[in-house]
Amino acid sequence: MKIACVGGGPAGLYFSILMKRQEPSHDITVHERNPAGSTYGWGVTYWSELLDKLREGDPETALAISENSVSWTSGVAHVRDRTTVQPGDEGFGIGRHRLLELLAERARSLGVRVEYEHEVTADDLPDADLVVAGDGVNSAVRERYADRFGSDIALGRNAYIWLGTTKVFDSFTFSFQETDHGWIWAYGYPFSGEQSTCVIECSPRTLAGLGMDAMGEADGLARLEKIFADILDGHPLIGREKGDGAAQWLTFRTLTNRTWRHGDIVLLGDAAHTTHYSIGAGTTLALEDAICLARELGTQPDKEAALAAYERRRKADLLRLQSAARYSAQWYENLPRYIHLPPEQMFALLGQRHSPLLPYVPPQLYYRLDRAAGRLEALRRLKRWLGPKLARTSQSRALASREETARQGLHR
């Protein structure tokens, strides 16, 4: 096949690698609108399960990523002047810039053409048997056919900013700080021996109260460095790594699409779906999309069947993680519900934020139930049964309320 990958992110590059390994005669070009090395995003996280999948797909890529990653095995939460530590699964971080370098080098070594500073417009798509749109949440290809894909975007409530720092954290680090205008918090994790990612989040009210919604980048970073002095140890926060524009406060957009394919076009990664950054799964899910799409194209009898199977399988696989991401975002949006618990209890519920049961149970009662459930199988079964049931009931009530409001509007 002749394949055009629009967007030189992890999904498009890794998909091109897998397809070239599968059939060297494929004619594959990756089109990236930005110059080489101009990516923004600091570090990305992943877990050992992803490495296992990468080893199956291409051992050389997996080895290169593993050798260029750092790891941690614990989480640390600072709440005001108190600290609590909890062990966890081994996590990994790698610089996004380094990850893309490794993937592009491997793709080129297999015969893939990687063309930088080559913007593909939605009205001038490449002439190819298959166009893989992996051009991110702002995908121009998807937007051109938004009505066909059935795109929908839901805005989160909180504001966040994605920064770097020269402070190298030795664990996944949280810091929750109370200001005169409400709570603000940071997530920090290493991605190399020299730098870490630091994502900072707060409510719109807190952002405006602190005046940071109107500050320039330098003043805003200086203010944040003072607030999070407890974890930065005198190290600076850094905005854009390459100096191309200022780091900005954003609102997370959860993107879904009714379908991921239209004719010879198929969506991949953030162009198809997004999950809240607080579960750290965006890059993993994009790479898993690439793995699934390449596998289906290699095993299905024809392209249409392969694209249908890819969409069906990945949508099914995503259901659990999309639910976890939604509840995780809501946990942070409702932080005052949990923040005044003793730190060890708050951190335990932070680890349980993906649970559909947690929003419906008083936090201290949930904490006691969770501790008891760790010892009693009957309570574990109750949690697994009751959480989804309450979530479905809540969703049904919300839907019924919206339908009733719509009917009343029509009658008026």
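A cavity is a set of grid points where a 1.4 Å probe fits but cannot get out, and its lining residues are those with an atom within 4 Å of a point. In this predicted model, a search of the whole structure turns up 1 such cavity of 30 Å³ or more. The space inside the largest cavity comes to about 50 Å³. Its walls are made by Val44, Thr45, Tyr46, Leu50, Leu54, Ile65, Ile94, Leu99, Thr283 and Leu287. Three elements each give two or more residues to this lining: strand β3 (43-47) and the helices α2 (48-57) and α10 (282-299). Of these, β3 hands over the largest share, with 3 residues. As for chemistry, the lining splits into 8 nonpolar residues and 2 polar ones, with no charged residue at all.

Ile65, one of the lining residues, also turns up in the story of helix α3. This helix spans residues 59-67, and its buried members are Thr61, Ala62 and Ile65. They sit on the same side of α3, because the arc they cover around the axis is only 100°. Helices in general help to make sense of this: with 3.6 residues a turn, residues three or four places apart point the same way. Over on the other side of α3, Leu63 and Glu67 are exposed. And what do the buried residues of α3 pack against? Their partners are α1 (10-22), β3, α2, β5 (82-95) and α4 (96-109).

Next come the nonpolar cores. In soluble globular proteins, nonpolar side chains tend to be buried together. Here, the largest nonpolar core holds 62 residues, and the ones that touch the most other members are Ile3, Tyr14, Phe15, Leu130, Val132, Leu293 and Leu297. Helix α10 provides the largest share of this core, 9 residues; α10 is also among the elements giving two or more residues to the cavity lining. Take Leu293 as an example: leaving aside residues up to four places away in sequence, Leu293 touches Phe15, Val132, Val266, Leu268, Leu307 and Tyr310. Another core, of 30 residues, lies apart from the largest one, and its members include Tyr187, Leu335, Leu358 and Tyr367.

Zooming out to the whole chain, there are 14 helices and 15 strands. The chain has 412 residues, and 49% of them are buried. Long-range contacts show up too: among contacts between residues at least 6 apart in sequence, 70% join residues at least 24 apart.

Definitions and conventions: Residues numbered from 1 in each chain as written. Predicted model: local features only at pLDDT ≥ 70, side-chain atom pairs only at ≥ 80, totals over all residues. Heavy atoms only, no water. 1 Å grid on protein atoms, 1.4 Å probe; cavity = no way out; pocket = protein on both sides within 12 Å on 5 of 7 lines; lining within 4 Å. Points joined across faces, edges and corners; volume = space filled by probe spheres on them. Helix = DSSP H or I, 4+ residues; strand = E, 2+ residues; numbered from the N terminus. Nonpolar A, V, L, I, M, F, W, Y, C, P; charged D, E, K, R; others polar. Buried < 20%, exposed > 50% of the residue type's maximum accessible area, 1.4 Å probe, protein only. Arc of directions from axis to C-beta. Contact = heavy atoms within 4.5 Å. Core = buried A, V, L, I, M, F, W, Y, C linked by side-chain atoms within 4.5 Å.
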